[in-house]
Amino acid sequence: IGLLEELFGQGLAGLRRAVPASPGFYLFFLLSYFAVPAFEFLIFRRLWAVPPSAFMALNRKRVANDVLIGYSGDAYFYAWASARLKMVAAPFGAVKDVSILSAIAGNLSALVLGAVALPLGYELIEPHILRMILWSLGLAMVLPALFLFFSSRVFSLTRRELWFIFWMELARIAFANVAIALAWGFVIPAVPLGIWMFLVAGRQLVSRLPLVPNKDLLFATFAILIIGHDKALSDLMAFTGASTLAMHLLLTASFGVEYLWERKRDWDATG
């Protein structure tokens, strides 16, 4: 219901605007969209040898984290693993470690990208927003430091498994950002790919800032100041956001159909 309200309240305005004609946009948008569940599937495949059905569970996890409460999807996936993966002795520890390392990788990538993007674009940002960004970056540095300092008490997996998860999370962030930059490049080919990558760096930075309100507005304003094309760019950002909502809704509907099918099969089996 929340997805429908958000999509029909604001998202359809984005879908009604200039719809990208290039199939390249949709290909790379989908690659970016499914990067999170795909890379997490590879992680849990190595940790637990999960079956292919885990991919759909990880999509549910991603949608829940995006549209409900943060980490509600992780709680769901823990319950899913506890109920279906009998060979896993303690699924909570692995789910917790993956969530923590995902946050650390996101914060570290924001720090690195901030070091690249801020020196080039700080003059375009209002002073009070810039101060919030710098304070937020400071907080982003504290989180990894705290977890590393208390790592022996926080993490449950082996050091080798933790490093594997960390590098996979960094690869996931890089893959998703490059894919969305390529998707945007197909829509406005006049803008060089390097500029799109710079904007993606700013987007990743803004998404990890806890003290900055209206993150989407800040990023859109920053992007328009960098490359112009204000009407085309605002339409593209609106369409990208609406497409993400539409994919969430489509997957949620498919989850419902899958659930009803499983219940019907169970009823048929019990007579």
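Which residue meets Arg62 in a salt bridge? In this predicted model, the partner is Asp66, whose side chain meets that of Arg62 with an N to O distance of 2.9 Å. Both residues belong to helix H4, where they are placed four residues apart, or about one turn of the helix. The two partners differ in their surroundings, in that Asp66 is partly exposed at 45% relative accessibility, whereas Arg62 is buried, with a relative accessible area of 14%.

The protein as a whole contains twelve helices and zero strands, and the order of its elements, read from the N terminus on, is α-α-α-α-α-α-α-α-α-α-α-α. Of the 271 residues in the protein, 42% are buried. When contacts between residues at least 6 apart in sequence are considered, 73% of them join residues at least 24 apart.

Five salt bridges are counted in the model, and among them is the pair formed by Glu40 and Lys61, in which the closest N and O atoms are 3.0 Å apart. This pair links distant parts of the chain, since Glu40 is located in helix H3 (residues 35-48) and Lys61 in helix H4 (residues 53-67), with their positions 21 residues apart in the numbering. Glu40 has a relative accessible area of 6% and is therefore buried, the limit for this class being under 20%. Lys61, also with a relative accessibility of 6%, is counted as buried by that limit.

Lys61 takes part in a further salt bridge, with Asp74, for which the closest N and O atoms are 3.5 Å apart. Here too distant parts of the chain are linked, with Lys61 in helix H4 and Asp74 in helix H5 (residues 72-84), 13 residues apart. Asp74 is buried, as is Lys61. Through salt bridges that share partners, Glu40, Lys61 and Asp74 are joined into one network.

Helix H3, which carries Glu40, also packs against helix H9 (residues 159-187), the axes of H3 and H9 coming within 9 Å and crossing at roughly 165 degrees. Because angles over 145 degrees count as roughly antiparallel, H3 is described as roughly antiparallel to H9. The crossing in which H3 passes H9 is right-handed. On the H3 side, the contact is made by Ala35, Val36, Phe39, Glu40, Leu42, Ile43, Arg46 and Leu47, and on the H9 side by Arg160, Glu161, Phe164, Ile165, Met168, Glu169, Ala171, Arg172, Phe175 and Ala176. By residue class, the contact of H3 with H9 consists of twelve nonpolar and six charged residues, with no polar ones. Glu40 thus appears both in the salt bridge with Lys61 and among the H3 residues that meet H9.

Two of the H9 residues in this contact, Glu169 and Arg172, are also touched by Ser102, when residues up to four places away in sequence are not counted. Ser102 is found in helix H6 (residues 91-121) and is buried, with a relative accessible area of 17%.

A further packing of H3 involves helix H2 (residues 23-33), the axes of H2 and H3 being 5 Å apart and set at an angle of about 45 degrees. This angle makes H2 oblique to H3. The contact brings Leu31, Ser32 and Tyr33 in H2 together with Ala35, Val36 and Pro37 in H3. The residues of the contact of H2 with H3 comprise five nonpolar and one polar, with no charged residue. Ala35 and Val36 of H3 are named in the contact with H2 and again in the contact with H9.

The loop between H3 and H4 contains Ala49. Although Ala49 is not a glycine, its phi is positive, at about 55 degrees. Ala49 is exposed, with a relative accessible area of 55%, whereas Glu40 in the preceding helix H3 is buried.

Technical notes
Residues numbered from 1 in each chain as written. Predicted model: local features only at pLDDT ≥ 70, side-chain atom pairs only at ≥ 80, totals over all residues. Heavy atoms only, no water. Salt bridge = Lys/Arg side-chain N within 4 Å of Asp/Glu carboxyl O. Buried < 20%, exposed > 50% of the residue type's maximum accessible area, 1.4 Å probe, protein only. Axes fitted to C-alpha atoms, helices over the stretch in contact; angles between N-to-C directions. Parallel < 35°, antiparallel > 145°, perpendicular 65-115°, else oblique. Left-handed = near helix turned anticlockwise from the far one by under 90°. Contact = heavy atoms within 4.5 Å. Nonpolar A, V, L, I, M, F, W, Y, C, P; charged D, E, K, R; others polar.
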